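Trainee: I would like to go through the empty space and the packing here. Can we take the cavities, then the pocket, then the core?

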Amino acid sequence: MQEKILEVKDLHTSFMIPAGEVKSVNGVSFSLEKGKILGIVGESGSGKSVTAYSIMQILAYPGKIMSGSIKYNGMELVGLPEKKMQELRGNKISIIFQDPMTCLNPVYTIGNQLVEAIMIHSKKDGSKQKKQKDEKSLKELAKEKAKKMLELVGINDVDRRLKQYPFEFSGGMLQRIMIAMALVCEPDVLIADEPTTALDVTIQAQILELLKSIQQRMGMAIIIITHDLGVVAQICDEVDIMYAGKIVEKGTVDEIFYNPQHEYTKGLLKSIPRIKNDGALVPIEGNPVDVFALPRGCSFAPRCKECMEICLEEYPEMLKVNDEHFTACFKFIQSMYEAKKITKDQMNKYMKVAEEKINSRTEGGEGNERK
C-alpha cells in the first residue's frame with residue numbers, strides 16, 4: 001500500500017444563512033495516495049466542490065468547517081493559521097477551477113499572472129528586502145519557468161502568448177493556462193474541480209490526456225471532481241460517489257462500474273446515454289434532497305425504488321463489499337443474504353444494531369425531529 005498524502009476524516013462544512021444551516025459536507029472521509037488519481041462524482045449540489053474548497057481553506061463567507069480533520073502529509077490543515085496555509089496553497093496543494101474565464105484577471109497579461117505566482121512561492125522564508133538585482137534575476141528565472149510550463153501544457157509560441165491577455169485565448173487554451181498556473185510550483189496534490197465542464201468533447205479529451213500525462217511525468221496525486229462518469233472511466237484509479245454531502249460508495253474504477261452496490265450509483269450508471277437505447281436517457285426519478293430538511297435516515301431513500309422501512313429511519317454505516325469496495329446501503333446487506341454470502345442471523349444482527357439506534361433515539365425524546 002502506498003503512502004497517503006492527503007487524509008480527510010469526518011469532515012463537516014456548513015453555510016449559516018438566515019434560512020438556516022446548509023450542511024453542504026456532512027461527514028466525508030477519504031484518503032489520497034501518492035501518484036493516484038481519485039474521482040469524486042455526484043450531482044450538482046452534492047458537496048463535491050465545497051469539499052475541495054474546504055481542503056484548500058478558501059471557503060467563501062458564510063461557509064465554515066464545523067468539525068473534522070484534513071491532513072496533508074500528517075499536518076493538520078483545519079485551524080492552520082492563514083499565513084501557514086498560504087505557504088502550502090499553490091505550493092504543495094493546488095487547484096484548477098471550473099471556469100478559467102472568470103479565474104484569470106482580464107487586465108493583466110498571462111505572463112504577469114504566471115510570473116507573479118512563481119515569484120510569490122519562490123521567496124525564501126525570513127528573507128528581508130531583496131536588492132533590485134536579485135529581484136530582477138528572480139523575475140527572469142520565473143519567466144523562463146513560465147515558458148517551460150506553457151510548453152508542457154501544449155501551448156506554442158510562448159514568447160508571444162505571455163504578452164497576451166485572457167480574452168485573446170479560446171476556452172481550451174485558457175484551461176491549459178489554468179493547468180500551467182496550478183502546476184508552476186510542482187505541487188504534490190492537484191485538485192481539478194470539473195476542469196472540462198465548459199469545453200467541447202474534443203477539447204475535453206485533450207485536457208484529460210494532458211492531465212494524465214503530466215501526472216505520470218511529475219508523479220503528483222490528483223483529485224478530479226466531476227459529474228461525468230466518462231471522465232472517471234478515462235482517467236481515475238479510484239472513485240468516491242457523493243450524495244447530499246456524504247460519500248455513499250467508494251472503490252476502484254472497475255469495482256464501481258462493474259459491481260455497483262448503492263442504488264444511487266446504479267442510477268448514475270443507468271443514466272449514461274447508450275446507443276442500444278436509441279439515445280433515450282434513464283433519469284433518476286425524484287428531486288435532489290432538500291438541504292434544509294435532510295431525512296433522518298438515508299438521504300437517497302425518498303428517490304430509491306429499493307427503499308426499506310429501516311432506510312427511512314437510520315443512515316447505514318460504510319460496509320465492506322471487498323478489499324477494494326465499500327458502500328453505505330441497507331439493500332446491500334439484504335442482497336448479500338439473498339446471494340447466500342451471509343446467513344440470516346448475520347443479516348438480522350446488522351439490522352438489529354440499526355434498529356437499536358432508532359429505539360435509543362426515540363427513547364431519548366427526539367420524537368419526530370430529524371437527525
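Trainee: How many residues of each class, nonpolar, polar and charged, are in the lining of the largest cavity?

Mentor: This is a predicted model, where local features need pLDDT of at least 70, side-chain atom pairs count only at pLDDT 80 or more, and totals for chains, interfaces and linings use all residues. Residues are numbered from 1 along each chain as its sequence is written, and side-chain values use heavy atoms, without hydrogens and water. Ala, Val, Leu, Ile, Met, Phe, Trp, Tyr, Cys and Pro count as nonpolar, Asp, Glu, Lys and Arg as charged, the others, Gly among them, as polar. The lining has ten nonpolar, one polar and two charged residues.

Trainee: What is the volume of the largest cavity?

Mentor: On a 1 Å grid over the protein atoms alone, a cavity is a set of points where a 1.4 Å probe fits but cannot get out; lining residues have an atom within 4 Å of a point. Points are joined across faces, edges and corners, and volume is the space filled by probe spheres set on them. The largest cavity has about 90 Å³.

Trainee: Which element gives the most to the lining of the largest pocket?

Mentor: A pocket is an open set of points with protein on both sides within 12 Å along at least five of seven lines. Helices (H or I, at least four residues) and strands (E, at least two) are DSSP runs, numbered from the N terminus. β6, α4 and α7 each supply at least two lining residues. With six residues, the top contributor is α4.
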